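This report describes how aromatic side chains are placed in one structure. The sequence and the model are shown first.

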Amino acid sequence: GEVCALISKYTTKDAWCGYRQEAVVQIAMTDFEPVNAFRKRWGGSVSKYNRENGHPAYQWTRKGARAKEVAQKLLPYILSPRKRGALQCVIDYCDTLQTTRSPLFYRLSVEILLKREECREKCRAFNAKGLGANNRTEVEINEIGKIKIPTRQMEFLNV
């Protein structure tokens, strides 16, 4: 299947800074069973949609702090440096999340807001499509986010 990691950003009136961000990990496949297995194991939601060719596909989505746990488990098995980098950005973003619901919960420090925005921009760079996005060397991709965890497959292949 296809794994997608991103940090969404949307405007809202109830946030003190005018927007909210959220870590998201998604897996899309044409077979329902593997996608449903992810839902059973990790929670989240499954939705059905039609691909461009009209055939149905299924998408599992996990958002928020639980996206970090999923990203950490998937990371060693992903071969694509771009997808590994996006997963690492989700992990780094989730490291900035607060675990308590204090009165100051929504009043984040400038440093945390900047770190979150940096993670989001790096994730966007890893997920970029179009002219030049797929022509980057692995060195250039690794420099975007300084990937911290090598994949087990890369070690096995001595790449």
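## Aromatic side chains

Tyr 58 has a relative accessible area of 17% and is buried, because the limit for that class is under 20%. The model that gives this value is a predicted one.

Tyr 58 belongs to one of the 2 aromatic pairs in the structure. Its partner is Phe 32: the ring centres are 5.2 Å apart and the planes stand at 70°, so the arrangement is edge-to-face. Phe 32 lies in helix α1 (residues 32-42), while Tyr 58 is part of strand β4 (residues 56-63), so this contact ties together parts that are 26 residues apart in sequence. Unlike buried Tyr 58, Phe 32 is partly exposed, with a relative accessibility of 35%.

Phe 38 and Trp 60 form an aromatic pair as well, with 5.2 Å from centre to centre and 40° between the planes, and this pair is tilted. Phe 38 comes from helix α1 and Trp 60 from strand β4, so the pair ties together parts 22 residues apart in sequence.

The accessibility of the residues in these pairs is listed here.

| Residue | Relative accessible area | Class |
|---|---|---|
| Phe 32 | 35% | partly exposed |
| Tyr 58 | 17% | buried |
| Phe 38 | 24% | partly exposed |
| Trp 60 | 0% | buried |

In both pairs, the residue from helix α1 is partly exposed and the residue from strand β4 is buried.

One further contact involves a charged side chain. Arg 41 sits over the face of Trp 42, at 4.1 Å from the ring centre.

Conventions:
Residues numbered from 1 in each chain as written. Predicted model: local features only at pLDDT ≥ 70, side-chain atom pairs only at ≥ 80, totals over all residues. Heavy atoms only, no water. Phe/Tyr/Trp six-rings, centres within 6.5 Å; stacked < 30°, edge-to-face > 60°. Helix = DSSP H or I, 4+ residues; strand = E, 2+ residues; numbered from the N terminus. Buried < 20%, exposed > 50% of the residue type's maximum accessible area, 1.4 Å probe, protein only. Lys NZ or Arg CZ within 6 Å of the ring centre and 35° of its normal.
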